[in-house]
Amino acid sequence: MGLTIAVGAADAGHSVVGFDVNESLVNQLNLGYSHIEGITDAAIMGFIAKGSYKASSEASVIEGSDVIVIAVPTPLDEKRNPDLSYVHAAAELINQNVQTPALIINESTSYPGTLRNEIASRVSVVEHLFASSPERVDPGNTQWGTKNTPRLIGGLTPAAVAKAREFYSTFCDSIIEVSSPEVAEAAKIFENTFRQVNIALVNEFAQISDALGISSREVIEAAATKPYGFMTFNPGPGVGGHCIPVDPSYLAHVANEVGVPATFIKRANEVNLAMPAYVVKRVVVGAGGSIAGKSVVVVGVSYKANVADTRETPAVAVIDLLREQGAIVVWHDDLVGNWRGETSAPLTAHDIAVVVTKHDGVSDAAIKASGYVFDCTGTIAGAEGI
Ligand SMILES: NC(=O)c1ccc[n+]([C@@H]2O[C@H](COP(=O)([O-])OP(=O)(O)OC[C@H]3O[C@@H](n4cnc5c(N)ncnc54)[C@H](O)[C@@H]3O)[C@@H](O)[C@H]2O)c1
């Protein structure tokens, strides 16, 4: 996410340094290699050549910046509680290295109160301005990007909001000021919780439909003809990525702290996490009752189409559960290439093909060469699936 903002700001004429603790990533960026979808190597090379962008792992480079944007990981720990250690480390780094007042913006996704209590309270050597502007970009989405996705801003002071507006106005079309950083932070996690809960609902509905002998996809299409009051979500093998499986648990955590049980989030997590087991159960039934000794190709292991990101991908559980059933499993995903110590296999005929994610360009005919196809994407005509 940091790179999308860096490129947006560089394109608007700002002079941008992308500071990252990962030295090999920094080296790669300075050679003009992009590691994310939607930003080309040529774009990075162009900004480097113009002198408007460079990457660095030297903390001293952030001193003297007018604006410092924090875009660090906000994962869950082993107990699925928020892990704010990266946010704290970033705050500490700013505290130690920045001696001149700056606007400090947090774009990392976290629960309400993070800017105020976890960042501003730790950056006290110099009096800075603080704002929250949660990043809403959807990797791989060619319609909505940094420029045209409306940007929320909440600041600790009116001066912080004004400066944040001035900054983002240079490369974002629409700025929406909210009354506090907490509102901005909460809006972001509520958006993703809305998706998580609706995906769980449609995943449960897919199971109900199948048991009733009707197609959930056809029902969803029919329901979507209503011009108001319905929004389409499609079933799948679970949820993946850094956001949907993670952010709602940040909301659940803060809800617990204020004494409100976040029951929908908990239940939605359970339903979504159980989807790989449901998929494998259906594959076993569809393939005749046993998959022991059968060769299976899992097609697409990233968490969604046309991205190489495998964070929290349900493909892990699907593959592991297929192997637990005795199947001999390979996977095909040329975007991912190498993953979990294994390499993408060519898409050839197997006893069974299980399609978890389908990138553009992956051939339906090659998938259908396998004896039995189970499709989690709803895109392969005539295939069984969810
Ligand atoms: N990926 C998405 O789709 C998406 C969308 C919207 C918001 N977000 C949010 O943006 C934030 C970042 O997500 P991401 O997907 O870019 O994560 P990422 O892991 O791809 O990138 C984070 C980068 O931060 C670096 N880093 C870690 N600690 C640091 C430190 N102390 N100082 C400097 N750099 C440090 C890491 O080396 C890494 O390169 C998260 O809060 C995430 O929830 C992500």
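This text walks through an open sheet, the helix that packs on it, and a pair of crossing helices in a predicted model.

The sheet has 5 strands in the order S3-S4-S5-S6-S7, and its pairing is mixed. Strand S3 (67-70) and strand S7 (175-177) form the edges, each pairing on one side only. From one strand to the next, the twist averages 30°. In general, strands of a sheet pair through backbone hydrogen bonds, either parallel or antiparallel.

At one end of that order, strand S6 (residues 151-155) and S7 run parallel and are joined by 3 bridges. Here isoleucine 153 stands opposite glutamate 177 in S7. Helix H6 (residues 158-169) packs on the sheet, where it touches S3, strand S4 (103-106), strand S5 (129-132), S6 and S7. The direction of H6 makes about 155° with that of S6.

The other packing to follow is between two helices. Helix H7 (residues 181-212) packs against helix H9 (residues 247-257) at an angle of about 115°, and their axes are 8 Å apart. Angles of 65 to 115 degrees count as roughly perpendicular, so H7 is roughly perpendicular to H9. The crossing of the two helices, H7 and H9, is left-handed.

Which residues of H7 and H9 meet? From H7 they are Ile189, Asn192, Thr193 and Gln196, and from H9 they are Asp247, Pro248, Tyr250 and Leu251. Sorted by class, this contact of H7 with H9 has 4 nonpolar, 3 polar and 1 charged residues.

Note on methods: Residues numbered from 1 in each chain as written. Predicted model: local features only at pLDDT ≥ 70, side-chain atom pairs only at ≥ 80, totals over all residues. Axes fitted to C-alpha atoms, helices over the stretch in contact; angles between N-to-C directions. Helix = DSSP H or I, 4+ residues; strand = E, 2+ residues; numbered from the N terminus. Parallel < 35°, antiparallel > 145°, perpendicular 65-115°, else oblique. Left-handed = near helix turned anticlockwise from the far one by under 90°. Contact = placed C-beta atoms within 7 Å. Nonpolar A, V, L, I, M, F, W, Y, C, P; charged D, E, K, R; others polar. Pairing = 2+ DSSP bridges.
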